[in-house]
Amino acid sequence: MHYPSLFLALSVISLTQCSSLSIEECANSDWFALGLADGNRGTSAGQLNQYQKDCREFNLSVDTAQWKQGYQQGLASYCLPENGYRVGLAGESYYGVCSNNAFVERYNQGHQQYLTNKRLSEIADRLNAIDREVSSLDGKINNLTDKADLLKQKNSLLNEKNQLLDERSRLRRPDMRFELRF
């Protein structure tokens, strides 16, 4: 195993997890690798300004040319259309770093599917909660003499359940088209 390579990889990961760099990170960073990692994640180019600010505090400089070279290489991978769909589907933010429309179109498609999946999950959770509440109310109704208020609550929950079932059916239709624009 190459320990220097492992150390480099861990250093890059640790740099990308924090918003500020230490004196050791400013002095010893592989700026190309850090730019590559930032580009591969679609990080805004403004991240370089943060690195410069952090390192200036220690009177150290950033190898801007190396970072930019790595960043551009990383963006070349990030900005592929198929990655746009993956990023959108994962619910990740997009910072407008890609110049091609195909990435943005695929990101929008993936993001819309993410929102649809998220809403379907919320509906499923609420439907389960409604079923539990209705069961609980049924038990209470059978044990009480004054049932009017509980029946009203039950009817309200059943109406909400029907509305959610209708919405879920509409969301599951494959012929629906959505477009999200930035």
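Which cysteines form a disulfide with C79, and how far apart are the sulfur atoms? In this predicted model, the partner of C79 is C98, and the two sulfur atoms lie 2.1 Å apart. C79 is placed in the loop between α5 and α6 (81–89), whereas C98 is placed in the loop between α6 and α7, so the bond ties together parts of the chain that are 19 residues apart in sequence. The link of C79 and C98 is left-handed, with -85 degrees about the S-S bond. Because the limit for a buried residue is under 20% relative accessible area, C79 counts as buried at 12%, and C98, with a relative accessible area of 10%, is buried as well.

The count of disulfides comes to two, and a disulfide is in general a covalent bond between the sulfur atoms of two cysteines. Besides the pair already described, C26 and C55 form a disulfide, and their sulfur atoms are 2.1 Å apart. This disulfide is left-handed, because the torsion about the S-S bond of C26 and C55 is about -90 degrees. Distant parts of the chain are linked by this pair, since C26 belongs to helix α2 (residues 23–28) and C55 to helix α4, with the two positions 29 residues apart in sequence numbering. Both C26 and C55 are buried. When the bonded cysteines of the protein chain are numbered in sequence order, the pairing reads 1-2, 3-4.

The nonpolar side chains can be considered next. In soluble globular proteins, nonpolar side chains tend to be buried together. The largest nonpolar core of the model has 19 residues, and those with the most contacts inside this core are W31, Y51, W67, Y78, Y94, V97 and C98. At least two residues of this core are supplied by each of the helices α3 (31–40), α4 (47–56), α5 (64–78) and α7 (101–143), and among the contributors α5 gives the most, with four residues. C98 therefore appears in two settings, as a partner of C79 in a disulfide and as one of the residues with the most contacts inside the largest nonpolar core.

The surroundings of Y94 give a more local view of the contacts: when residues up to four places away in sequence are not counted, Y94 touches Y78, F103, V104 and Y107. Apart from the largest core lies another core, which has 11 residues, including L127, L137, L150 and L157.

How values were computed:
Residues are numbered from 1 along each chain as its sequence is written. This is a predicted model: local features need pLDDT of at least 70, side-chain atom pairs count only at pLDDT 80 or more; totals for chains, interfaces and linings use all residues. Side-chain values use heavy atoms; hydrogens and water are left out. A nonpolar core is a set of buried Ala, Val, Leu, Ile, Met, Phe, Trp, Tyr and Cys residues joined through side-chain atoms within 4.5 Å. Buried means under 20% relative accessible area, exposed over 50%, partly exposed in between (1.4 Å probe, protein chains only). Contact means heavy atoms within 4.5 Å. A disulfide is a pair of cysteine sulfur atoms within 2.5 Å.
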